[in-house]
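Biologist: I have not looked at this one before. Can you walk me through it?

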Amino acid sequence: MQILTLKEVDSTNFYAKNNLEALSDKTIIQALRQTFGHGRFSRKWIDLGGENLYLSFVLKPSTDFLESYSNLTQYLSVVLCEVLENYGLKPSIKWPNDVLINDKKIAGILSETVMQGTELKGLILGIGVNLNVDKKDIKKVTDKVITALNLEINEKVDLQNFTKDLVAKFFEKYDEFLLNGFRIIKQDYLNYANFLNENVKVETINGTVSGIAASITDCGELVLKNNEKDLVLTSGDIFIIERE
Ligand code: BTN
């Protein structure tokens with residue numbers, strides 16, 4: 001495992017994709033600044049300063065695509081929650097992989113797959129975590145409610161230590177996860193889940209669906225109860241939780 005630190009890049013995911021051939025399995029691309037960070041559903045991931053985490057895991061586990069690979073974002077969200085707990089916090093997960101503190105988003109995860117025909121060339125698993133953000137900058141970023149670790153613990157966070165902890169924890173159970181898939185983290189995932197039995201709205205590539213978030217399957221899918229019908233969602237993003 002190798003961490004390649006760049007002073008500035010458009011996006012660590014772009015860098016990983018553009019240099020995929022030359023990068024070996026388990027290389028980490030970290031940038032101190034990102035000028036064109038992007039997220040899920042074509043959203044932007046804004047650079048909030050040099051003391052935040054912008055990083056991509058370059059993974060080349062095999063040349064064919066196994067089911068467990070599509071759950072790597074959920075695996076990483078659980079790993080991040082475990083790291084955040086070491087700071088005395090109570091993180092939660094909003095399906096599928098947003099990590100929140102006190103209902104405010106602190107991190108985003110974006111996985112991109114590179115295929116050549118039917119051959120898997122690599123998986124790029126990008127993560128951004130707000131570690132050190134000026135309170136006045138937090139509001140101008142997005143209309144969504146976000147936070148940063150320094151604001152939650154009232155203390156500056158050491159980017160290098162945080163990165164080391166996150167990467168080490170990620171690889172601790174990575175091989176086991178690839179072999180066994182979501183079911184081995186399901187209970188941990190559910191312990192962090194903040195949306196179960198709530199009325200939710202989910203953004204999918206086919207539009208918005210709503211219903212009660214009834215359960216999570218052994219494959220990490222969200223089961224929505226909608227007019228007594230079960231809707232099983234494999235991808236999407238909960239964007240509203242309507243609490244009573
Ligand atoms: C999201 O919440 O929509 C996902 C955001 C992912 C942001 C990270 S920052 C490092 C990596 N590089 C990118 O351009 N995106 C990911």
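Modeller: Sure. This is a predicted model. A contact between two helices is a place to start: L72, Y75, L76, V79, L80, E82, V83 and L84 in helix 2 meet F162, D165, L166, K169 and F170 in helix 5.

Biologist: What kinds of residues make up the contact of helix 2 with helix 5, nonpolar, polar or charged?

Modeller: Ten are nonpolar and three are charged, with no polar ones in the contact of helix 2 with helix 5.

Biologist: At what angle do helix 2 and helix 5 pack, and how far apart are their axes?

Modeller: Helix 2, residues 72-85, packs against helix 5, residues 159-172, at about 130°, and the axes are 9 Å apart. That angle makes helix 2 oblique to helix 5.

Biologist: Is the crossing of helix 2 and helix 5 left-handed or right-handed?

Modeller: The two helices, 2 and 5, cross in a right-handed way.

Biologist: Switching to the ligand. Which residues come nearest?

Modeller: There are 18 residues around the ligand, and the nearest are S11, Q34, H38, R40 and K105.

Biologist: What does Q34 do there, in terms of distance?

Modeller: Q34 has a polar side-chain atom 2.9 Å from a nitrogen atom of the ligand. For H38 the polar atom belongs to the backbone, and it lies 2.7 Å from a ligand nitrogen. T12 also has a side-chain N or O atom 3.1 Å from a nitrogen atom of the ligand.

Biologist: Now the backbone. Is the peptide bond from W95 to P96 cis or trans?

Modeller: The W95 to P96 bond is cis, with omega near 0°. P96 sits in the loop between strand 4 (91-94) and strand 5 (98-101).

Biologist: And what about phi at D103?

Modeller: D103 is not a glycine, yet its phi is positive, about 70°. The loop holding D103 runs between strand 5 and strand 6 (104-116).

Technical notes
Residues numbered from 1 in each chain as written. Predicted model: local features only at pLDDT ≥ 70, side-chain atom pairs only at ≥ 80, totals over all residues. Heavy atoms only, no water. Axes fitted to C-alpha atoms, helices over the stretch in contact; angles between N-to-C directions. Helix = DSSP H or I, 4+ residues; strand = E, 2+ residues; numbered from the N terminus. Parallel < 35°, antiparallel > 145°, perpendicular 65-115°, else oblique. Left-handed = near helix turned anticlockwise from the far one by under 90°. Contact = heavy atoms within 4.5 Å. Nonpolar A, V, L, I, M, F, W, Y, C, P; charged D, E, K, R; others polar. Near = heavy atom within 4 Å. Polar contact = N/O pair within 3.5 Å; in protein donor to acceptor, adjacent residues only side chain to side chain.
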